[in-house]
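Biologist: I'd like to go through the labels on this one and hear the reasoning behind each. Can you pull it up?

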Amino acid sequence: MRRAIYPGSFDPITMGHLDIIERSSKLFDEVVVALLMNIDKQPMFSIQERVDIMREVIPWTNVRVDTFDGLLVHYALQQQAQVIVRGIRAVSDYEYELQMALMNRRLAPNIETVFLMAGEAYSYLSSRLIKEVHKLGGSIRGLVPEAVERSMLERK
Ligand code: PNS
């Protein structure tokens, strides 16, 4: 049983995230999309809203959505996962991701980080840019699931 954790803030989930989740669902028996409960950040969507939206837009039966706080590797061990999945876009992501992967490996040597690349159409997407474009009146259609776009339009 190969179980992978795909962690992140997902505020909000984008088509790039969904692409990584779909690819992961084909590689692993089970994928846990794990939302970090980060009390320091000022999120656009509450944890519960993000969980609800993600459960609505993720169709793959071997994927479940959960939340975690504290160290990611502690959560991964508790879930008996062997793999952490991270999406990597441009070279600029690499340094931060490498630091995290190596620190996580030091903390939990038996857990591997696997990097996946989203389709090139989504390689420039980030939740931060989505929020900025939306806030300034630009269209985010096609870049986020429809449920996310609807929720963002409702709260404008
Ligand atoms: O995609 P994001 O929002 O940048 O995700 C970052 C995340 C959640 C993967 C990272 O912040 C994390 O793992 N936080 C949990 C705390 C932890 O384990 N920190 C040490 C990481 S080396």
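Biologist: Why is aspartate 11 called buried?

Modeller: In this predicted model, aspartate 11 has a relative accessible area of 7%. Buried means under 20%, so aspartate 11 gets that label. As for where it lies, look in the loop between E1 and helix H1 (15–27).

Biologist: What makes the pair of aspartate 11 and methionine 44 a polar contact?

Modeller: A polar atom of the aspartate 11 side chain lies 2.8 Å from the backbone nitrogen of methionine 44. The cut-off is 3.5 Å, so the pair is within it.

Biologist: On to the ligand. How do you know that serine 9 makes a polar contact with it?

Modeller: Same kind of check: an N or O atom in the serine 9 side chain is 2.6 Å from an oxygen atom of the ligand. That's within 3.5 Å, so it counts. Leucine 72 uses a backbone N or O atom, 2.8 Å from a ligand oxygen, and the side chain of arginine 86 has an N or O atom at 3.1 Å from one. Taken alone the ligand exposes 550 Å², and the protein buries 74% of that.

Biologist: Which element gives the largest share of the shell around the ligand?

Modeller: H4, with four residues. Helix H4 (94–107) and strand E1 (3–8) each supply at least two.

Biologist: How do the residues of that shell divide by type?

Modeller: Eight are nonpolar, four polar and one charged. That's for the 13 residues surrounding the ligand, which sits in the largest pocket.

Technical notes
Residues numbered from 1 in each chain as written. Predicted model: local features only at pLDDT ≥ 70, side-chain atom pairs only at ≥ 80, totals over all residues. Heavy atoms only, no water. Near = heavy atom within 4 Å. Polar contact = N/O pair within 3.5 Å; in protein donor to acceptor, adjacent residues only side chain to side chain. Areas by Shrake-Rupley, 256 points an atom, 1.4 Å probe, with all protein chains shown as cover. 1 Å grid on protein atoms, 1.4 Å probe; cavity = no way out; pocket = protein on both sides within 12 Å on 5 of 7 lines; lining within 4 Å. Sits in = over half its atoms within 2 Å of the grid points. Nonpolar A, V, L, I, M, F, W, Y, C, P; charged D, E, K, R; others polar. Buried < 20%, exposed > 50% of the residue type's maximum accessible area, 1.4 Å probe, protein only.
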